[in-house]
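Thank you all for making the time this morning. I would like to walk you through one structure, taking it step by step, and I will start as soon as it is on the screen.

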Amino acid sequence: MPKRKTSQKSSSRRKTNVREPFDLTMEPFRIEVPKIEIPSFDLATAPERKRINPNKLSRLQLIGILSQKLSWKEIYDALYRLKKEKLAEKFKMEVERINQIYDRKIAEIEGKVEELDLQNKVLKPIIDEILSVLKAIYRVKFSNHNEFQNTLKNFLIWSSENLEKQLSKLSSEIKVEKEFSASRKDRLDIIITIKGWRIGIEVKYDLSNQAEAKRLLGQIDTYLPYCDAFIVVSYKQIPSWLVNQIKIKEEEKGKMIKLLAPDKII
Amino acid sequence: MGIKNTFKKLGSVIKKSIDKTRIENERKEKLRELKNKYLSKLSHRELVQMYKWAFGEE
C-alpha cells in the first residue's frame, strides 16, 4: 500500500487543534459567581448586639470578666461604692506595693537606681527611729498580762502618733496604721509605710509562754510577705530558742526581723 | 572595634527592652491575681452590681 501523504493535512489539523496561549479570540472562561446577600452597613438599622445578663453568669465568670476588663482603680472605686472601704484600702495598699516593687525593678534595669544595701542605707535609720519610740514601753510597770493587754491599745495609739512625728524627719510620706489585718485570725499591731518601705511591728508581753511564741511565729509567716522588715517588741526577756527560730526565719525569708527586748536589740 | 562596641550597645539595649517587657508582663499577672483575690471576697450579688456599673444595665 502506498504511503499516505499525511504531513500537510495533519499539520493543518494540528493547527486547528492547538490553541495559542495568547489567542485572544478564545472565549474567556465563565465563572459563575453565586449570589451572596451582603448585609447593609447602616448602623442605624444594624441588629443590636446581644447584651449579656450578668445575673445568668456564674460567680467565677463574673470574677474573670471583671478582673480582665476593669483597671485596679475602677475596682477600688467600685469597692467604695459597695461600702467596702476597708477592703478597698487593703486592695489599694497591695496594688501600690506591687507597683513599687516593679517600678523599682524597672528603674534598676534603666540604671536610674543603684541596688541599695537595704539594711545599711535605707531601713537602718528608719528602724532606729522606730525603736527609740517603742522603748517607752519599758518605762511603764505591768504586773501581769491582762494589765499589759488593757494598756496595749493606748500604747499603740500613743506610739502611732509619736512614730509619725519622729519619722517625719526622714520623709513626709508616712502612713502609720494600727491593727492591720490580712487574715481573719490575727492582726498586726502597727504597720508603717515610709519612703515606699513597709515595716510591721508586733508588741508582746511575755514570749516565754509557748502559746504566745507560736502565735508570734505564725504572725511573722502571715505578715512578713506584706512588709519589708518586721519588729518584735517584747516587754519581758525573749527566750534564746525563740531568738534562734526568728533568726532562721529572717534568713529564709530574706527580710530584716528586729527583736526589741528590755536589755537589748537583736 | 567601633563595630564591636556598636553591637555591644545594641545588644544591651535589646536586653533591657526584653527585661522591661518581661517585668511588665509579670506586673500585669500579679495585678490580675490580686484583682481575682479581692473580687472573690465579694458575693454574687455584689459582683453583678459591679458588672452593671461597669458595662451598663442590661
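Let me begin with the residues of helix H1 of chain B that count as buried, which are Lys35(B), Tyr38(B) and Leu39(B). Please keep in mind throughout that what we are looking at is a predicted model. Those three come from a helix of 38 residues, so H1(B) is hardly covered. What do the buried residues of H1(B) pack against? They pack against three helices of chain A, namely H2 (59–69), H3 (72–81) and H4 (85–109), and also against H2 of chain B.

Now let us step back to chain B as a whole, which has two helices and zero strands, and in which 12% of the 58 residues count as buried. For H1(B) we can also check the length against expectation: because each residue should add 1.5 Å, its 38 residues should span 56 Å, and the end C-alpha atoms are 55 Å apart, which agrees.

That brings me to the contact between the chains, where 26 residues of chain B are in contact with 26 residues of chain A. On the side of chain B that touches chain A, H1 (2–39) and H2 (44–55) of chain B each supply at least two residues, and H1(B) gives the most, with 13 residues. If we sort the residues on that side of chain B by character, they divide into eleven nonpolar, four polar and eleven charged.

Technical notes:
Residues are numbered from 1 along each chain as its sequence is written. Chains are lettered from A and ligands numbered from 1 in the order in which they are written. This is a predicted model: local features need pLDDT of at least 70, side-chain atom pairs count only at pLDDT 80 or more; totals for chains, interfaces and linings use all residues. Two residues are in contact if their C-beta atoms, placed from the backbone, lie within 7 Å. Helices (H or I, at least four residues) and strands (E, at least two) are DSSP runs, numbered from the N terminus. Ala, Val, Leu, Ile, Met, Phe, Trp, Tyr, Cys and Pro count as nonpolar, Asp, Glu, Lys and Arg as charged, and the others, Gly among them, as polar. The expected span of a helix is 1.5 Å times one less than its number of residues. A residue is buried if 20 or more other C-beta atoms lie within 10 Å of its own, exposed if 12 or fewer, and partly exposed in between; C-beta atoms are placed from the backbone.
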